[in-house]
Every structure is written in structure tokens, then in C-alpha cells.
Amino acid sequence: TSKSGRAILAPQIGQGALLYSIASWGPLYLERIGTTSTLSLDIDSAASAITSISSVAVTASVAASSLILPQLTQALVGVSIGTTADQLSSVIGTRFTRRVLQLLSGVGPAVILWYLTTANSGDEYDPTLLFGAAQTLSALSLGAVSVSHLDIATPSTAGAVYALGNVAAAASGSVMVNLFGTLLEKESGGFGLDAETDGQEFGLPFQIVAFLSAVGSSVYALTVETDLQIGDSEDQ
């Protein structure tokens, strides 16, 4: 019920929706827009070699594998962001550091997803690269909301705050993944997820995810504090 406790939950909800959706629906999106055609793989020959797998399935598999590199870049950012955040905190203050990092972590990916929904087919852009940038930027939260529970809660209660944040992220991600699928079917004109499209049906779901990510991080950036709010200060 504390202000900073609520501030921690808000970006977790947005980030859960963002990362779960990209991981779950990203491969299908990349397959739909044909981005895997630039990869050095003959989809037809690969599918014909294993007759039980369709060319669409092989293409989706390649699209999924293209999201592995962003996971690695996200990990690299995560390794370095803790030290960087500590250094910045000593210069510009802990609260300002937390707020700025989380704002970048949530609004940056939101802008990228929104761009993907408005880009014209003739525009030159690499969706795989943009997906990677969105995932990488989200790792900046490791210097913000991921450690904020240590700022606002005593050691005896910080674990509960951390757990609640992770539950919020998982619940949000689970709901959004299901909603995403429902919206895709609706936006596909009733032809189902197997319909041959150019990926335009991803527009509305991506915009919802972008909205949740941006709003959640903005709430954190505007309201989180670094003063002890949860637990007895005498326990410190």
C-alpha cells in the first residue's frame, strides 16, 4: 500500500506484458512479415527434407532462433548495469538514477513496438534488430525496479516486495499472451492464426503492450522514492 510499493508493481506489470509477448509471439510476427527470407537458409529444401514439418513451421523456427542473440545482449547489459547504476547514484543520486533507468527501460521498448505498428512496408528497417533493441533496453530495469525493494523495505520485508513484483510480472505476461492471441485472431478477419497475412494484425496487440510498458515505467519514474517505507526502521 506504500507509494513506492505501488510504483514497483506498475513497471513489473508493463515489463511482464512486454517480454512475455515478444518471446511468445515474436517468432510468428517475424515469420509473417517474411524477415527470415534474408537468412542464409533454404526454407523449402529444409522442409522437404523433413516431410512432417511444414515450411511455415521451419520458417517460424528460424524466426525464433533469431531472437536468441537479443537474449545474450540483454544478459550483457544486465551484467554491467548494476555497477553503472551504483556509479551514477554516487554522482546524480539514487532516486534520479532509478527513475531515469526505468523510464528508458519501459518507454524505449514501447517506442520501438509502436514504430513497428506504424512503419510502412516500403520502409527500410530490420524487425529482428528492433526486437533485439527492445529486449536489450528492458534490461536497464535491473538498475531500477529490480533493486528498488532494497531501498524502500527492511531486509525482513524486502523479499516479499520483490516476490510481489515478480508475481505481478508473471500474471501480467500470462494474461497479455492470451489476449494477444485473441486479438490476432480477431484482427486476422476470422481466418485464424494460420491465415496468410503481412503482419498487419499485430498492430493493435503491439500497441497495447507498448502502452502498458510506457505507462508502468512512467508511474515508477514519477512516484518511486528511495526512503524506507516498508518495515520498522529500527530493524535496520
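## Burial and the ring pair between α6 and α9

A residue is called buried when its relative accessible area is under 20% and exposed when that value is over 50%; because Phe131 has a relative accessibility of 0%, Phe131 counts as buried. The structure described here is a predicted model, and every value given for this model is computed from its atoms.

Phe131 forms an aromatic pair with Phe206, and the arrangement of the two rings is edge-to-face, with 5.9 Å from centre to centre and 70° between the planes. Since Phe131 lies in helix α6 and Phe206 in helix α9, this pair ties together parts of the chain that are 75 residues apart in sequence. Phe206 is also buried, with a relative accessible area of 2%.

## The aromatic cluster

Phe206 takes part in a further aromatic pair, with Phe202, and this one is tilted, at 5.7 Å centre to centre and 40° between the planes. Phe202 is itself buried, its relative accessible area being 1%. Ring pairs join Phe202 and Phe206 with Trp25, Tyr29, Phe131 and Phe180 into a cluster, and the count of aromatic pairs in the model comes to eight.

When neighbours within four places in sequence are left aside, Phe202 is in contact with Trp25, Leu28, Tyr29 and Arg32, and also with Thr117, Phe180 and Leu184.

## The nonpolar cores

The largest nonpolar core has 23 residues, and those with the most contacts inside this core are Trp25, Tyr29, Leu113, Phe131, Phe180, Phe202 and Phe206. Two or more residues of the core come from each of the helices α1 (3–32), α5 (94–118), α6 (127–138), α8 (155–187) and α9 (203–223), and among these α1 gives the most, with seven residues. A second, separate core of 16 residues includes Ala7, Ala85, Leu101 and Ala144.

## Thr117, a polar side chain beside the rings

Thr117 is found in helix α5 and is buried, because its relative accessible area of 17% falls under the 20% limit. Not counting residues up to four places away in sequence, Thr117 touches Phe202, Gly203, Phe206 and Gln207. With Gln207 there is, in addition, a polar contact between the two side chains, at 3.4 Å.

## Helix α9 and its packing

Helix α9 has 21 residues and reaches 30 Å from its first C-alpha to its last, close to the 30 Å expected at 1.5 Å a residue. The buried residues of α9 are Gly203, Pro205, Phe206, Val209, Ala210 and Ser213, followed by Ala214, Gly216, Ser217, Tyr220 and Ala221. These buried residues pack against α1, α5, α6, α7 (145–152) and α8.

## An exposed position in α8

Val175 lies in helix α8, and here the question is whether this residue is buried or exposed. At a relative accessibility of 55%, Val175 counts as exposed, because this value is over 50%. The C-alpha atom of Val175 is separated by 9.9 Å from that of Ser21, although the two residues are 154 residues apart along the chain.

Methods: Residues are numbered from 1 along each chain as its sequence is written. This is a predicted model: local features need pLDDT of at least 70, side-chain atom pairs count only at pLDDT 80 or more; totals for chains, interfaces and linings use all residues. Side-chain values use heavy atoms; hydrogens and water are left out. A nonpolar core is a set of buried Ala, Val, Leu, Ile, Met, Phe, Trp, Tyr and Cys residues joined through side-chain atoms within 4.5 Å. Buried means under 20% relative accessible area, exposed over 50%, partly exposed in between (1.4 Å probe, protein chains only). Helices (H or I, at least four residues) and strands (E, at least two) are DSSP runs, numbered from the N terminus. Contact means heavy atoms within 4.5 Å. A polar contact is a pair of N or O atoms within 3.5 Å; within protein, one must be able to donate a hydrogen and the other to accept it, and residues adjacent in sequence count only if both atoms are side-chain atoms. Rings of Phe, Tyr and Trp (its six-membered ring) pair if their centres lie within 6.5 Å; planes under 30 degrees apart count as stacked, over 60 as edge-to-face and the rest as tilted. The expected span of a helix is 1.5 Å times one less than its number of residues.
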